[in-house]
Amino acid sequence: MKILVIEDDDSIREMYKFKLVAEGFSVETASDGEEGLSLCSALQPELILLDIKMPKMDGAEMLKKLRETTWGSSIRVIILTNSSKTEAPSDLRFLNVERYIVKAHHTPKQVIDVVKEILGVPKIKSI
């Protein structure tokens, strides 16, 4: 399954890529919304982890443009940001977002668990 991580912070972007690849996902990354939208067109991933506050094109604008395309209208999106829901653009709720996760309130493992849940990947119980 293909996942696209769109995040302007290099360390966070690479950490999520590392953790998702370790879980068996195919992962590409982008550092801003403009690059992310271009990669979405080429990759058509099953899921996008999308930050909101980014240079060039923020996550909300990128998501609006993505939803206007036939190929991007049904891609599952998790907003992964440090902006609270009250700080988020109000129209996000109309753009078919699976989850809104505040990075500071979730561990990377919790985020990966949400990714697996949304993609229907079964959890493997350890003995």
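For the residue classes used here, Ala, Val, Leu, Ile, Met, Phe, Trp, Tyr, Cys and Pro are taken as nonpolar, Asp, Glu, Lys and Arg as charged, and the others, Gly among them, as polar. The structure shown above is a predicted model, and a good place to begin is its sheet.

Five strands form an open sheet with parallel pairing, arranged in the order 2-1-3-4-5. The edges are held by strand 2 and strand 5 (99-102); each has a single partner strand, so one side of each is left without a neighbour in the sheet. Direction ignored, neighbouring strands are turned against each other by 20° on average.

Within this sheet, five bridges join strand 1 (residues 2-6) to strand 2 (residues 26-30) in the parallel sense. Here Ile6 has Ala30 of strand 2 opposite it. Between these two strands the chain passes through helix 1 (residues 10-22), giving a β-α-β crossover that is right-handed. Further along the sheet order, strand 3 (residues 47-50) pairs with strand 4 (residues 76-81), also in the parallel sense, over four bridges. Leu50 finds its bridge partner in strand 4 at Ile79.

Helix 2 (residues 33-43) is placed across three of these strands, namely strand 1, strand 2 and strand 3. The direction of helix 2 makes an angle of about 170° with strand 1.

Attention can now turn to the space enclosed by the protein. Searching the whole structure gives one cavity of 30 Å³ or more, and the largest cavity holds about 40 Å³ of space. Its lining is made up of Val5, Ile6, Glu7, Ile12, Tyr16, Leu49, Leu50, Asp51 and Leu80. Strand 1, helix 1 and strand 3 are the elements that each supply two or more residues to this lining. By class, the lining residues comprise seven nonpolar, no polar and two charged. Two residues already met in the sheet return here: Ile6, which faces Ala30 in strand 2, and Leu50, the bridge partner of Ile79, are both among the residues that line the largest cavity.

Note on methods
Residues are numbered from 1 along each chain as its sequence is written. This is a predicted model: local features need pLDDT of at least 70, side-chain atom pairs count only at pLDDT 80 or more; totals for chains, interfaces and linings use all residues. Side-chain values use heavy atoms; hydrogens and water are left out. Two strands pair if DSSP finds at least two bridges between them. A crossover is right-handed if, with the strands pointing away from the viewer, the path from the first strand over the helix to the second runs clockwise. Axes are lines fitted to C-alpha atoms, for helices over the stretch in contact, and angles run from 0 to 180 degrees between N-to-C directions. Contact means heavy atoms within 4.5 Å. On a 1 Å grid over the protein atoms alone, a cavity is a set of points where a 1.4 Å probe fits but cannot get out, and a pocket is an open set with protein on both sides within 12 Å along at least five of seven lines; lining residues have an atom within 4 Å of a point. Grid points are joined across faces, edges and corners, and a volume is the space filled by probe spheres set on the points.
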